[in-house]
Amino acid sequence: MTLNDLPDEALLDKLQHAAFGWFLETVNPENGLVPDNSDDGAPVSIAVVGFALSCWPVGVARGWTGRERARALTLATLRFFAAAEQGGDETGTGHQGFFYHFLDIERGRRVWNCELSLIDTALLLAGCEVAACYFDEPTHDEAEIRMLARSLIAAVNWTWALDGGGTLSHGWHPATGFIRYGWEGYSEALILYVLAAASTSHPTPPDSYCAWRRTYQWERIYKHDVLYAGPLFIHAFSHVWLDFRGIGDAFNREKGVSYFENSCRTVQIQRDYARLNPRGFQGYDADCWGLTACDGPVGPMTTPDDLGRQFLGYNARGAPYGPDDGTLAGWAPAAALPFAPADSMAALRTMIGRYPGMMRDDRFLGSFNPSIPGSGPEGWVSPRIYGLDQGLLVLMIENHRSGMIWDLMRCSNICRRGLRQAGFKGGWLDGK
Amino acid sequence: MESRDSGAGALGYDTTDPRRERTQNLSPPDWQNPAPAGIYNLVVIGAGPAGLTAARLAAGLGARVALVEAAAIGGDCTNVGCVPSKAIIRSGRLYAEIARARHFGVAARGSITDPAMALARVRKVQARISRAEAAAVLQDEGIDLFFGKAGFAGRRSLRVGDQTLHFARAIVATGGILRLPDVRGLEEVGYVTVETLFDRDTLPDSMMVIGGGPLGTEMAQALCRLGIRVVLVHDEPKFLPREERDAAQLLSEQLARDGVEIHLNTTAVSARTTPLGKEITLETGGNVFRMTVDEVLTGVGRIPRIAGLDLDRAGISADPENGIAVNDFMATTNRRVYAAGDVCGQYMFAHVAEAAARLAVRNALFFGRRRFSRLTIPWCTFTDPEIAHVGLYADQAFDKGIAIKTYTILMHEVDRAIADGEETGFVKIHVRQGTDRIVGATIVARHAGEMLAEITLAMERRTGLRALSDVIHTYPTQSAAIKAAADACVADRLTPRWRRFSSWWMSALRRVG
């Protein structure tokens, strides 16, 4: 029996369970840290840890792990970060409440000369807030979870991260200071600005949310009016936690479209682009798409007609402007399920049926590229599994099935305050 | 049949040596400056695009005009900038076409690049263009042409060598000079700029281009296509910092495809000579590494040329960074003196220089009140694909509080672009939301510079985007993309209410039969 023989609900359950299993298999129970990907010795990505914190409650709700274990893992994670060294040392863990992007999995110290990352810290904090909202029992452990999570969130010095400018910086290096450019224009950083706006201890001024909107691109592309961002993950990341249905900021009100509806339209642009397939890659059609940030082959692309293209390695691919090298993320349609249930399901089934080799043990590998000859129809296949992809799968499938994460976060005072500070109104936000 | 270059023999062009012909035309060594003819209506300093335009326009209107040039007529445009770079870009484009000839069903075997021949062609092109602006031609047009360095002697006079020219009005159009990056040791190691590059007989095997602005990216791409290993170093996260990020991203992808080694967010820190060549130390995000190349091309930014003009004697305010201060009428702080072109610091393009010069002449000689700020200014970066822009960018519109909507057509939706195999790019037209008033546009396409003119015209004449939908475009052309964007704007008018009304009308028609 193949995956495609399963009815929709059973198929999604299997895919979601498999993705969840990756976290259970790879987490370091001592400190709750999770590796970035399945490579031997891969470092921890703090964003993946944020996803893991968000996944544990889903696992409990689905009966894939016990509340006890989820609580223990969550506590280990939060205790680690709460006690972590925060001096901005080259081999430390964080600075000003933010954390370095990549850490070693045993000691949780900075590796790869990486940056102190704002967006990845935000994704970690979103996970902390999920934990604080989910573990609501009046027990000592769960009270500690709530206390640690909220204190981690409160400790972040967002004001410092503005670096005197209008927008939040991309990050900071211990040797060279702030990265010179800030988060501006529509991107996955929406949740970053919401969390920053929610801070009562080190808030960002309302101007900074306005400044990030400065380079928004409201375009009519393929007959869809859309706030453009090419890679699909941008339209999914913040939506893992925040339910943008029915609420809107000044931009949404001006254009008459919510960020949720915008993601729905973006899925259609992905479909239209794949159908047009301007670069003539193998496999692309309205039911086979998924241009996003993902793994990919590297080096010059040899085609019979010498077009001289390049493969892009790990890169943010996007539609319709590209970059596009024929590499698709098999998991992307599943991550888009809440936005376009029927179209995403059709794509998911088409891609699973056509390219079974893009999966390993029912888990999606990073990506595949059918334009490159390989051992199967899927051509080149990423050799590794990425934690970000698995987290996105668990959480977006859950939102599609039950709306669980959205429900949790709609009750979060931090999220509500952040959204309101950023100018969001309407829908569930106007309630109590 | 023997080809004839009409009139060439009669005017004595030396077509065998384009270098000599250009020199003979643009800076004739045996030139005798005329005797100053009393008070000139207009004295123009600098014979680049702005100066030539001003002098010719004024002379055509019957003014007594003197034109002073310190080096060569044509300025940077003809001699080191627009013209030679476009000529070398053409060679590069052909090589790129040949490299993908098989895509078009052509087997192009054994073609190898020959930079020396490409450079020789550049000089021929320059020589050809120099014929239209030769010293003798200008003299025939009634312009008193002086070669020499000009400096103001007072508020109404200036000196060229030992001669004094008196003027009623003057226009300063001395252009700009190259800005060099601050790289320790580069002066000692040596480098080329566009001022020296095109005069070489051949090109080195490897070059580092420092600076990813318009000229830097144009040259990096062209040189790389000519078979030179090119390393492009740019200290910002994207090329063409001024342009839309999608345009810059498409360009990045194309440059990588051409084989340019790209280093964004990277600063050249220092340079030294080693037995292997010129070793440049680069720094990115705290990491330091070294690369060795045969030659370094830099000086891709420009600053106004004001040194030696003795502007203070004429009461003209200027500063080294922003050039001569002019008001919206192009007048300097000396009401008799105007300025135009790169020397004013803003919008350093030949066509803007010409437009400003025309405006300055009208304001100077006819008490005109034409404003520079009213001009609709397009520009284009001549990479492949070209990146052309006019009006506001999305963020500028945001800053001005203008809500905009962008109508985008991808070139891969355009039949002719598909047929031509030139599908990279887009047309984006920004209109004020709820109207069809065009506030800006960006085109990325093989011939974006040519396509942009239609939108510039619509903006200048304030026709609105919907009007372009009624303009019949020949089919199939790439500029049909502009009509498609206009059609989308028209379709937007069909609101749900209109659609309901239309449906009702159609059903009524059916009932009537």
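## Helix pairs, a core and some unusual bonds

Helices α4(A) and α5(A) run roughly antiparallel to each other (over 145 degrees counts as that). This comes from a predicted model, where local features need pLDDT of at least 70, side-chain atom pairs count only at pLDDT 80 or more, and totals for chains, interfaces and linings use all residues. Residues are numbered from 1 along each chain as its sequence is written, while chains are lettered from A and ligands numbered from 1 in the order in which they are written.

Let's stay with that pair. The axes of α4(A) and α5(A), residues 140-154, come within 8 Å and cross at roughly 150 degrees. Axes here are lines fitted to C-alpha atoms, for helices over the stretch in contact, with angles running from 0 to 180 degrees between N-to-C directions. Helices are DSSP runs of H or I with at least four residues, strands are runs of E with at least two, and both are numbered from the N terminus. Among the residues of α4(A) that meet α5(A) are L125(A) and C128(A), and the α5(A) side includes I145(A) and A149(A). Being in contact means that two C-beta atoms, placed from the backbone, lie within 7 Å.

A second pair looks quite unlike an antiparallel one: α7(A), residues 190-198, and α16(A), residues 413-421, pack at about 100 degrees with their axes 7 Å apart. That makes them roughly perpendicular (65 to 115 degrees). V194(A) and L195(A) are among the α7(A) residues there, meeting α16(A) residues including I414(A) and L419(A).

Now for the core. The largest nonpolar core has 298 residues, and A54(B), I171(B) and A340(B) have the most contacts inside it. Such a core is a set of buried Ala, Val, Leu, Ile, Met, Phe, Trp, Tyr and Cys residues joined through C-beta atoms within 7 Å. Buried means 20 or more other C-beta atoms within 10 Å of a residue's own, exposed means 12 or fewer, and partly exposed is in between. Leaving aside neighbours within four places in sequence, A54(B) touches V44(B), I171(B) and A340(B), among others.

Finally, some backbone oddities. Most residues other than glycine have a negative phi, and most peptide bonds are trans. These two residues have a positive phi instead:

| Residue | Phi | Other C-beta atoms within 10 Å |
|---|---|---|
| W112(A) | near 60 degrees | 12, exposed |
| D361(A) | near 50 degrees | 8, exposed |

There are cis bonds as well: G322(A) to P323(A) has omega near 0 degrees, and D384(B) to P385(B) has omega of about 5 degrees.

Conventions:
Parallel < 35°, antiparallel > 145°, perpendicular 65-115°, else oblique.
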